[in-house]
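Please walk me through this structure in connected paragraphs, beginning at its surface and then moving to its interior and to the confidence of the model.

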Amino acid sequence: MNTTAVQPVSTSERSSMIRLYLVRGFLAIAWAIAFAAARDPLNAVALTLLIAYPLIDAVSSAIDYLAVPDGSERHVTALNGALSTLVALALGVAGTIGGVAAVLAVFGIWATISGAAQLAVGLYRRGPTLGKQWPTLISGGLSFLVGAVYVSQAIGPAPSLDVLSVYATGGGIFFIAQAALLVWKSRSQRTTVQV
């Protein structure tokens, strides 16, 4: 992929992305802790948390879309936000009607598709302006693979939602790492300009 086509990002755009990644990371970890405590049985609290998780992603995608006004990755970000909204509805239905296996299948399909979207955005944003995007790329790749595993577990003999807290924690850590790398990149660029 041609990394030289990436448009320069302003300081305010980069700051918005850093804040977004930090908030998204800490929200994912907080969600994981809450879900680990509430997941069994699949009751109203657990179902509310399940619906909230993709809605956090949808809102984050909207903020990301607005934070970087230029770039073709915005189309992928918008599509991911719309998909996450639909998944929140699907998880509500799956949890109400289908139970644990249906929830795990829906979550797995979503993780696979959103992981592919995250990979696409990370590949596009690689370059001198926003860094190498390693945390985003690794997180997207793992989401893609883990989602497929969740779908296969959903059709297995004993599907469990235990894995979703681990998934959210990992995603949160990668978002925080991406924010830290953006901060480091921003500081190193300021130091270079001052020298």
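In this predicted model, L142 is partly exposed, because its relative accessible area of 40% falls between the limit of under 20% for buried residues and that of over 50% for exposed ones. The residue has its place in helix α5, which covers residues 134–154, and together with W134 and I138 L142 makes a nonpolar surface patch of about 300 Å².

From the surface we can turn to the interior. In soluble globular proteins, nonpolar side chains tend to be buried together. The largest nonpolar core here has 24 residues, and the members that touch the most others are W31, F35, L50, Y53, F107, L161 and L164. Two or more residues of this core come from each of the helices α1 (11–38), α2, α3 (73–98), α4 (100–125), α5 and α6. Y53 may serve as an example of such a member, for once its neighbours within four places in sequence are left aside, Y53 is in contact with A28, W31, F107, W110, Y167 and A168. Apart from this core lies another one, of 8 residues, which includes A67, F175, A179 and L182.

It remains to ask how confident the predictor is in what is shown. For the protein the mean pLDDT is 84, and 86% of the residues reach 70 or more. Among the elements, helix α2 (residues 44–67) has the highest mean pLDDT, 93, whereas helix α6 (residues 162–194) has the lowest, 82. Over residues 1–7, however, pLDDT stays under 50, and for this stretch the model has 9 contacts beyond four places in sequence.

Key: Residues are numbered from 1 along each chain as its sequence is written. This is a predicted model: local features need pLDDT of at least 70, side-chain atom pairs count only at pLDDT 80 or more; totals for chains, interfaces and linings use all residues. Side-chain values use heavy atoms; hydrogens and water are left out. pLDDT is the predictor's confidence in each residue, from 0 to 100. Helices (H or I, at least four residues) and strands (E, at least two) are DSSP runs, numbered from the N terminus. Contact means heavy atoms within 4.5 Å. Patches are made of residues with over 30% relative accessible area and no salt bridge: like charges are joined within 9 Å, nonpolar side chains (Val, Leu, Ile, Met, Phe, Trp, Tyr) within 5 Å. Accessible areas come from the Shrake-Rupley method with a 1.4 Å probe; for residues, only the protein chains shown count as cover. A salt bridge is a side-chain nitrogen of Lys or Arg within 4 Å of a carboxyl oxygen of Asp or Glu. Buried means under 20% relative accessible area, exposed over 50%, partly exposed in between (1.4 Å probe, protein chains only). A nonpolar core is a set of buried Ala, Val, Leu, Ile, Met, Phe, Trp, Tyr and Cys residues joined through side-chain atoms within 4.5 Å.
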